Amino acid sequence: MTSTLLTCTSSTRPGSPTAGDTLFETDTNKIIVYSGSDWKVYDSDGTAVNDSDITSLNPHLWLDPSYSSSFFTDSGKGTAVTTDGARVGCFADRSGNGFDFIQGTEGDKPMLCKEAGIGNVSSLCYTLTDELEFTGTLSSEITATNITIFWVWRLSPEGSHFFLQGGSGGNEPRLRNNGTATAPKYNWNPFGSESGSGGGVVFTSSVVPASAFPARHVYSLRTNSTANRTATFYNGGSDLTGSATAPTGVYLEQAQKMLMFAGTNNYYSPYWLFEYIVFSSSLSDANVNKVNTYLGNKHGIAVTDIS
C-alpha cells in the first residue's frame with residue numbers, strides 16, 4: 001500500500017508551509033504538524049514534543065540527541081555520525097553558542113547508541129575511559145548563583161564516580177555518585193571560587209532510588225540567589241533532601257575544562273547520556289515544569305510538577 005503521508009527529514013522541512021501541513025520525519029520517526037506559526041512535533045504515540053518549549057527559554061547550552069546536527073566524528077564537524085556503535089568525537093551544542101563537547105582520542109570517544117524507545121531517541125554510551133570535554137570561554141562562563149540545569153541519562157549505581165567534573169584547577173562543580181548500589185546519591189561539590197583549597201560546601205547529598213540509575217531519568221538543579229537556595233529534583237517532584245544554599249562561583253568557567261563522565265574509576269560503567277540543557281537563569285517553577293514535561297514526553301519518562 002502506498003503511503004499518503006508526505007515525508008521529509010528534520011533538516012528538510014518545507015520552507016513555506018501552510019497551517020495543517022502534516023509530514024513524517026524519516027530521520028526522527030516523528031510526525032510534524034504546522035500550526036500556522038511553527039511546527040508541532042509528535043511522537044508515534046501522539047505525545048507532543050515541541051522544541052519551541054526549549055528555544056523560547058534561550059538555553060545557554062543544549063546537547064540534543066534528536067537534533068539533525070548533533071553527532072560528528074571530530075570537532076571539525078565535517079562528518080556526521082549516524083551508525084549504531086560508531087565512535088563520536090563531537091556532541092554539538094544546539095543553542096547556537098558553539099559550546100560543543102569534544103574528544104580527540106579515538107579510544108576515548110563514546111559510542112552512539114540508537115535507542116528503540118519512544119521516538120527512537122539516541123544516546124551516547126560511555127565505558128572505561130570514554131569522555132567528552134569542553135574548555136570554557138569568556139562567553140560560556142556564567143554566574144552559578146542563578147542557573148538551571150537538566151540531564152537525561154542512565155547511570156550505574158555503583159561506586160564513587162564523577163559524572164561531571166572540572167578538569168583544570170578544580171574550579172568547576174563536580175557531580176558524582178557518592179553512595180552505594182542500594183542507596184545511590186547525587187553529590188554536588190562546590191562551584192568556582194568555593195572549590196579547591198578554598199573550602200566551600202557540598203550543595204547536595206541526595207539519596208536517589210537505586211532503581212532510577214539503571215533507568216532513564218531526568219535530574220535537574222536550580223540555583224537562586226534571592227532564595228539563597230540550590231534545589232535539586234529527580235523526575236520533577238519535591239526538592240530532594242540535602243539541597244543547600246546558592247553558590248557564589250561560576251559555571252563553564254573560562255579556560256577550565258568540563259569533563260563529561262571522567263573515566264578515572266573506569267570499572268564503573270557503562271553510562272548513557274541522552275540530553276543536557278543549561279540555562280543562564282533561575283527558571284520559574286512553571287518553566288522548570290515545562291522543560292521537565294518536554295524531556296519526559298521526548299524520552300518516555302514519567303515526570304511530575306516540582307514542589
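Me: Contact here means that heavy atoms lie within 4.5 Å. With that in mind, which elements do the buried residues of helix 2 pack against?

Reply: In this predicted model, the buried residues of helix 2 pack against helix 1 (52–55), strand 5 (61–63), strand 13 (148–154), strand 18 (217–224) and strand 22 (271–279). Among the buried residues of the helix are Val288, Asn292, Tyr294 and His299.

Me: How do you know that the span of helix 2 agrees with its number of residues?

Reply: The expected span is 1.5 Å times one less than the number of residues, so the 15 residues of helix 2, running from 285 to 299, should span 21 Å, and because the end C-alpha atoms are 21 Å apart, the two values agree. Just after this helix, Gly300 takes a positive phi of about 70°.

Me: Why is Tyr294 called buried?

Reply: Buried means under 20% relative accessible area, and Tyr294 has a value of 1%, so Tyr294 counts as buried. Trp62, at 1% relative accessibility, is therefore buried as well.

Me: What makes the pair of Trp62 and Tyr294 edge-to-face?

Reply: Rings pair if their centres lie within 6.5 Å, and planes over 60 degrees apart count as edge-to-face; the rings of Trp62 and Tyr294 have centres 6.3 Å apart and planes at 70°, so this pair is edge-to-face. The pair links distant parts of the chain, with Trp62 in strand 5 and Tyr294 in helix 2, 232 residues apart.

Me: Why, then, is the pair of Trp151 and Tyr276 called stacked?

Reply: Planes under 30 degrees apart count as stacked, and because the planes of Trp151 and Tyr276 stand at 15°, with the ring centres 5.7 Å apart, the pair is stacked. Trp151 lies in strand 13 and Tyr276 in strand 22, so the pair ties together parts that are 125 residues apart in sequence. Both residues also belong to one aromatic cluster, which includes Phe99, Phe134 and Tyr219.

Me: How do you know whether His60 is buried or exposed?

Reply: The cut-off for buried is under 20%, and the relative accessible area of His60 is 9%, so His60 is buried. His60 lies in the loop between helix 1 and strand 5, and the residues that His60 touches include Asp93, Phe99, Leu252 and Phe279.

Me: What is the average pLDDT of the chain, and where is the pLDDT below 50?

Reply: The chain averages a pLDDT of 79, and 72% of the residues score at least 70. Over residues 192–202 the pLDDT is below 50. Where pLDDT is low, the predicted coordinates should not be read in detail.

Methods: Residues numbered from 1 in each chain as written. Predicted model: local features only at pLDDT ≥ 70, side-chain atom pairs only at ≥ 80, totals over all residues. Heavy atoms only, no water. Helix = DSSP H or I, 4+ residues; strand = E, 2+ residues; numbered from the N terminus. Buried < 20%, exposed > 50% of the residue type's maximum accessible area, 1.4 Å probe, protein only. pLDDT = per-residue confidence, 0-100. Phe/Tyr/Trp six-rings, centres within 6.5 Å; stacked < 30°, edge-to-face > 60°. Lists of a residue's contacts leave out its neighbours within four places in sequence.
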